[in-house]
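Please open the model in your viewer and keep the sequence panel beside it, so that each stop on this tour can be selected in turn.

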Amino acid sequence: MPHHGNEEEHNSSAGQQHERESREDERQENEPQKPVIHDNRKVDPKTGQARHPDQEHAPAGNTGSGDALSQAEDILNSVEVPAEESVAQGVGAEEAEELRNDLRRLQAEYVNYRKRVERDRAVAGEMAVIGVLNSLLPVLDDVDAARQHGDLADGPFAAIAAKLESALKTYGLVRIDETGVEFDPTIHEALIQQPGQDVEIDTVSQVLRSGYKSGERVLRAAQVIVAVPA
């Protein structure tokens with residue numbers, strides 16, 4: 001076959017390209033390798049935030065699992081305040097002390113946050129119980145009315161009513177139905193006032209409708225007749 005001039009040019013270009021690649025490989029081999037530095041400090045010297053190796057290398061799919069509050073607690077419990085001799089090279093004593101103070105402030109903020117969360121949970125639980133108790137007050141009024149009419153003297157319904165009242169007491173429900181006690185506007189609602197004999201102060205003489213309270217919270221004031229000094 002005849003030889004064409006463009007084939008010779010192609011071979012020459014390929015040779016030059018190969019020569020350049022060889023020189024580049026030789027230059028890279030002769031260059032000194034740069035050292036790889038791993039920063040294993042537990043506290044970031046720039047931000048003062050605590051580091052957690054397990055959290056940094058954790059799979060992305062596990063970041064949203066579990067209780068966030070418990071995860072934060074585990075992180076803080078696993079971090080130790082670095083001593084002066086264990087601080088990374090280049091960090092002075094003043095900067096190390098500042099990092100320790102930052103970590104102490106972070107721990108204090110976490111403790112306050114946890115207390116606030118626990119208090120909010122307790123209040124939410126108390127309000128849920130109070131909501132249920134308030135919804136059952138009309139039922140207790142019907143039970144009282146039936147008892148006054150003699151319908152709950154005995155029988156299965158009397159046993160059910162007694163069990164209901166006993167169960168509500170375990171949740172802190174207290175009945176306000178005492179007579180002969182001093183009138184207290186915080187737990188009594190006076191519907192009628194009438195002169196009383198041998199009374200020196202306003203006294204509850206009769207309870208028209210029982211009141212209820214849960215702990216120190218009054219759910220409903222008792223409606224009463226008040227005997228006043230003549």
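A residue is called buried when its relative accessible area is under 20%, exposed when that area is over 50%, and partly exposed in between. Because leucine 208 has a relative accessible area of 42%, it falls in the middle class and is partly exposed. Keep in mind throughout that what you are looking at is a predicted model.

**The whole chain**

Begin with the protein chain coloured by secondary structure, where you will find five helices and six strands; followed along the sequence, the pattern is α-α-α-α-α-β-β-β-β-β-β. The chain has 230 residues, of which 21% count as buried. If you turn on a surface, it exposes about 17,200 Å², with carbon and sulfur atoms supplying 50% of that area. Among the contacts with a separation of 6 or more, 62% are between residues 24 or more positions apart.

**Helix α4**

Next select residues 93-148, which make up helix α4. Its 56 residues reach 81 Å from the first C-alpha to the last, which is close to the 82 Å expected at 1.5 Å a residue. Now centre on leucine 137, where α4 bends by about 35°, and note that proline 138 follows within four residues. Moving on to glycine 150, just after α4, you will find a positive phi of about 85°.

**The loop between β2 and β3**

Select aspartate 198, which lies in the loop between β2 (188-196) and β3. Although aspartate 198 is not a glycine, it has a positive phi of about 60°. Is this residue buried or exposed? Aspartate 198 counts as exposed, because its relative accessibility is 81% and the exposed class begins over 50%.

**Strand β3**

Strand β3 spans residues 203-209 and contains leucine 208, while threonine 203 lies in that strand as well. Threonine 203 has a relative accessible area of 15%, which is under 20%, and it is therefore buried. Which residues does threonine 203 touch, not counting those up to four places away in sequence? Display Gly180, Val181, Phe183, Ile225, Val226 and Ala227 to see these contacts of threonine 203.

**A nonpolar surface patch**

Finally, return to leucine 208, the partly exposed residue with which the tour began, and add Leu191 and Ile192 to the selection. Leu191, Ile192 and Leu208 form a nonpolar patch on the surface, and together they have about 250 Å² of accessible area.

Key:
Residues numbered from 1 in each chain as written. Predicted model: local features only at pLDDT ≥ 70, side-chain atom pairs only at ≥ 80, totals over all residues. Heavy atoms only, no water. Helix = DSSP H or I, 4+ residues; strand = E, 2+ residues; numbered from the N terminus. Buried < 20%, exposed > 50% of the residue type's maximum accessible area, 1.4 Å probe, protein only. Contact = heavy atoms within 4.5 Å. Areas by Shrake-Rupley, 256 points an atom, 1.4 Å probe, with all protein chains shown as cover. Patch = residues over 30% accessible without salt bridge, like charges linked within 9 Å, V, L, I, M, F, W, Y side chains within 5 Å. Salt bridge = Lys/Arg side-chain N within 4 Å of Asp/Glu carboxyl O. Expected span 1.5 Å × (residues − 1). Bend = angle between axes of the 7 residues up to and from the residue.
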